[in-house]
Amino acid sequence: MKLKKGQDSFVNIGSASLLVVFLVLCFLSFASLSLSSAMNDYSFALRMAGKISGYYEASNQAEDFTASIDGMLENAYVHANAQEDAYYESLETYFEPGKIPGVSIRHMPSGTSGAEQPVISYEIATGESEALLVELLVCSPEKEGCYYKILTWKKYRTKEWNADQTLDLMPVIQE
């Protein structure tokens with residue numbers, strides 16, 4: 001049996017059209033996946049930029065506050081007439097609990113002698129659940145050549161992470 005010329009060309013046009021439709025659908029699905037991935041990357045980059053700028057703002061505030069503490073330590077040292085014991089005792093009045101909000105002072109043994117040196121610590125919030133912790137070890141300017149040494153300058157979480165947060169990806173149908 002002989003086929004007509006028109007039928008043969010119709011079959012070829014149909015397979016080519018199906019192939020083009022299939023390719024267009026593939027390109028559309030890849031384009032939508034690429035767009036979705038780009039949107040997720042953009043939102044993640046915005047969140048990270050917010051966190052990083054929050055950290056640097058808190059770090060700048062901490063540096064300014066540390067500079068003001070440096071002035072207080074210098075003033076206390078001058079008023080103590082360069083006497084180490086009187087200097088450390090006068091710090092208690094400068095940094096009384098509640099006098100400067102968020103600033104606390106504690107004592108920590110240092111060196112081989114076991115003598116206690118004051119440690120000034122404070123926090124600055126960097127976001128909703130993070131803060132910058134700064135701890136300064138107060139030194140004797142005669143021995144160390146400076147008023148303080150930075151013990152801690154770190155960011156930490158203020159809220160506890162709850163690992164029990166689950167996503168219900170495939171709800172189970174219960175009867």
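Q: Which residues make the nonpolar surface patch?
A: In this predicted model, Leu 19, Phe 22, Leu 23, Phe 27, Phe 30 and Leu 33 make a patch of about 680 Å².

Q: And where is Leu 19 found?
A: Leu 19 belongs to helix H1, which covers residues 5–79.

Q: OK, on to the inside. Which residues of the largest nonpolar core touch the most other members?
A: That core has 23 residues, and the ones with the most contacts to other members are Leu 73, Tyr 87, Leu 91, Phe 95, Ile 120 and Tyr 122. At least two core residues come from each of H1, helix H2 (84–94), strand E1 (103–109), strand E2 (116–125) and E3.

Q: Which of those gives the most to the core?
A: H1 does, with six residues.

Q: What does Ile 120 touch, leaving out residues up to four places away in sequence?
A: Ile 120 touches Ile 69, Leu 73, Phe 95, Val 103, Ser 104, Ile 105, Val 134, Glu 135, Leu 136 and Val 138.

Q: Glu 135, huh. What does Glu 135 form a salt bridge with?
A: Its partner is Arg 106, with the closest N and O atoms 3.1 Å apart. Arg 106 sits in strand E1 and Glu 135 in strand E3, so this pair links distant parts of the chain, 29 residues apart.

Q: Is Glu 135 buried or exposed?
A: Glu 135 is buried, since its relative accessible area is 15% and the cut-off for buried is under 20%. Arg 106 is partly exposed at 35%.

Q: How many salt bridges are there by this rule?
A: Four. Among them is Glu 130 with Lys 155, where the closest N and O atoms are 3.6 Å apart. Glu 130 is in strand E3 and Lys 155 in strand E4 (residues 148–157), so parts 25 residues apart in sequence get tied together. Glu 130 is buried at 15% relative accessibility, while Lys 155 is partly exposed at 38%.

Q: What about Lys 149, which residue does it bridge to?
A: Lys 149 pairs with Glu 144, at 2.8 Å between the closest N and O atoms. Lys 149 is partly exposed at 38%, and Glu 144 is partly exposed too, at 39%.

Q: Switching to cysteines: how many disulfides does the structure hold?
A: Zero. For Cys 139, the nearest cysteine sulfur is that of Cys 146, 4.4 Å away. A disulfide needs the sulfur atoms within 2.5 Å, so Cys 139 is in none. Cys 139 is buried, at 1% relative accessibility, whereas Cys 26 is partly exposed at 22%.

Q: Last one: where is Ser 140 placed?
A: Ser 140 is in the loop between strand E3 (130–138) and helix H3 (141–144). Ser 140 is buried at 3% relative accessible area. Not counting residues up to four places away in sequence, Ser 140 touches Glu 84, Tyr 88, Gly 145 and Cys 146.

How values were computed:
Residues numbered from 1 in each chain as written. Predicted model: local features only at pLDDT ≥ 70, side-chain atom pairs only at ≥ 80, totals over all residues. Heavy atoms only, no water. Patch = residues over 30% accessible without salt bridge, like charges linked within 9 Å, V, L, I, M, F, W, Y side chains within 5 Å. Areas by Shrake-Rupley, 256 points an atom, 1.4 Å probe, with all protein chains shown as cover. Salt bridge = Lys/Arg side-chain N within 4 Å of Asp/Glu carboxyl O. Helix = DSSP H or I, 4+ residues; strand = E, 2+ residues; numbered from the N terminus. Buried < 20%, exposed > 50% of the residue type's maximum accessible area, 1.4 Å probe, protein only. Contact = heavy atoms within 4.5 Å. Core = buried A, V, L, I, M, F, W, Y, C linked by side-chain atoms within 4.5 Å.
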